[in-house]
Every structure is written in C-alpha cells, then in structure tokens.
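Trainee: I have a new model open and would like to talk it through with you. Shall we look at it together?

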Amino acid sequence: MAAALVEARRAGAVGEVPVGAVVVLGGTVVGRGHNCPIAERDPTAHAEVRALRDAARRVGNYRLPGATLYATVEPCLMCVGACFHARLAHLVFGAVDDKAGAVVTCARLLDDPRWNHRVRVTGGVLAEEAGRLVQEFFRTRRTEGYRSGRTGLDSKSSWG
C-alpha cells in the first residue's frame with residue numbers, strides 16, 4: 001500500500017484527485033498507476049485501470065490471476081469491473097469512498113453470487129493516510145475556489 005500512496009501523491013502533485021494503485025504478482029510490483037483523467041482527457045484514466053493496464057502489458061496477458069491490486073481508495077463501479085475482468089485474486093484498498101465506492105459503501109458488486117469469479121477483498125489498509133490525502137486535496141481546492149470566486153464545480157472548473 002505504501003507504493004500506492006506514492007502514486008496517489010504523484011496524482012495530487014499535478015492537480016488530479018490523489019488516488020494511486022499498484023498491482024503485485026509474486027511479490028513484485030508489475031503495474032503502477034495514479035489518477036489522471038483531467039490530464040489525459042480520459043474518464044477511464046483512474047489509478048486502478050492504469051495500474052491494471054500497466055501490469056497486463058508487462059505480464060503479457062489481460063488476465064492477472066494470482067495478482068493483488070492495492071488502491072488507496074475504494075474502487076468505483078468501473079474499476080471494480082476492471083478488477084473482475086482481470087481475474088484478480090485479491091483487492092486491497094485504503095479509505096472508503098462514500099460517494100462512489102462500489103466494493104463496500106455505495107454498492108457491493110464483488111459480493112454478487114452470480115459472478116463466475118471471486119475477488120478476495122481487504123479494506124481499511126492505511127485508510128487514515130489515504131483518506132487524509134483526498135481530504136486535504138479537496139480542502140485546498142475549496143479554498144482556491146473561494147479565493148478565485150469559483151465555488152462550485154462547473155464547466156469552467158479546472159478540477160472537475
């Protein structure tokens with residue numbers, strides 16, 4: 001999870017929501033990613049998806065059986081789907097996401113018995129630190145918004 005937190009800090013340093021992820025296979029980090037949907041102008045450029053893409057390229061297979069994905073924040077609907085399709089063995093996440101989490105908060109997608117694959121889940125790993133990164137990021141953005149006269153997220157906003 002420490003490596004995922006490094007990735008999250010990279011995202012925050014360039015103005016993206018500070019979420020990071022790494023894929024570990026056989027004790028080795030084989031994929032890394034951090035949020036960058038703004039910079040890439042790509043709504044799928046979430047940390048988890050980018051880490052899975054990186055791992056798949058390095059391993060040479062879109063399936064990652066036996067791999068563990070470490071994400072600093074509970075994955076969203078899209079990222080949970082990517083975990084499922086990658087056939088991950090284990091998902092480890094830090095802070096819960098009360099607005100978009102699709103593992104234990106807003107939805108429990110991986111619990112559906114109809115799926116033909118199971119992903120083991122461990123949540124709350126370094127949750128305080130991961131959550132603090134996101135909270136500080138948005139606190140700073142709100143302060144900057146008030147100073148610049150931008151108080152909401154609209155089409156002119158540079159952060160959403």
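Trainee: What share of the contacts in the protein with a separation of 6 or more comes from residues 24 or more positions apart?

Mentor: Happy to help, and first a word on the source: this is a predicted model, where local features need pLDDT of at least 70, side-chain atom pairs count only at pLDDT 80 or more, and totals for chains, interfaces and linings use all residues. Residues are numbered from 1 along each chain as its sequence is written, and side-chain values use heavy atoms, with hydrogens and water left out. Contact means heavy atoms within 4.5 Å. With that cut-off, the share from residues 24 or more positions apart is 53%.

Trainee: In what order do the helices and strands run from the N terminus on?

Mentor: Helices (H or I, at least four residues) and strands (E, at least two) are DSSP runs, numbered from the N terminus. The protein has five helices and five strands. From the N terminus on, they run α-β-β-α-α-β-α-β-β-α.

Trainee: What is the radius of gyration of the protein?

Mentor: The radius is taken over C-alpha atoms, and the globule rule is 2.2 Å times the number of residues to the power 0.38. For 160 residues that rule gives 15 Å, and the protein comes close to it, so it is as compact as a globular protein of that length. The radius of gyration is 16 Å.

Trainee: Which strands stand at the edges of the sheet?

Mentor: Two strands pair if DSSP finds at least two bridges between them. The five strands make an open sheet with mixed pairing, in the order β2-β1-β3-β4-β5. Each edge strand has a single partner, so one side of it is left without a neighbour in the sheet; the two are β2 (28–34) and β5 (120–122).

Trainee: In β2, which residue does valine 22 stand opposite?

Mentor: Strand β1 (residues 20–25) pairs with β2 in the antiparallel sense over six bridges. These two strands form a hairpin with two residues between them, and glycine 26 in the turn has a positive phi of about 60°. Glycine 20 stands opposite histidine 34, while the partner of valine 22 is arginine 32.

Trainee: What angle does the direction of helix α1 make with that of β1?

Mentor: Axes are lines fitted to C-alpha atoms, for helices over the stretch in contact, and angles run from 0 to 180 degrees between N-to-C directions. Helix α1 (residues 2–13) packs on the sheet and touches β1, β2 and β3 (68–73). Its direction makes an angle with that of β1 of about 150°.

Trainee: Is arginine 41 buried or exposed?

Mentor: Buried means under 20% relative accessible area, exposed over 50%, and partly exposed in between (1.4 Å probe, protein chains only). Arginine 41 lies in the loop between α2 (37–40) and α3, and its phi is near 50°, a positive value in a residue other than glycine. At 74% relative accessibility, arginine 41 counts as exposed.

Trainee: Which residue's side chain has a polar contact of 3.4 Å with that of arginine 63?

Mentor: A polar contact is a pair of N or O atoms within 3.5 Å; within protein, one must be able to donate a hydrogen and the other to accept it, and residues adjacent in sequence count only if both atoms are side-chain atoms. Arginine 63 sits in the loop between α3 (47–59) and β3. Leaving aside neighbours within four places in sequence, arginine 63 is in contact with His85, Ala86 and Arg87. The side chain that makes the polar contact belongs to tyrosine 62.
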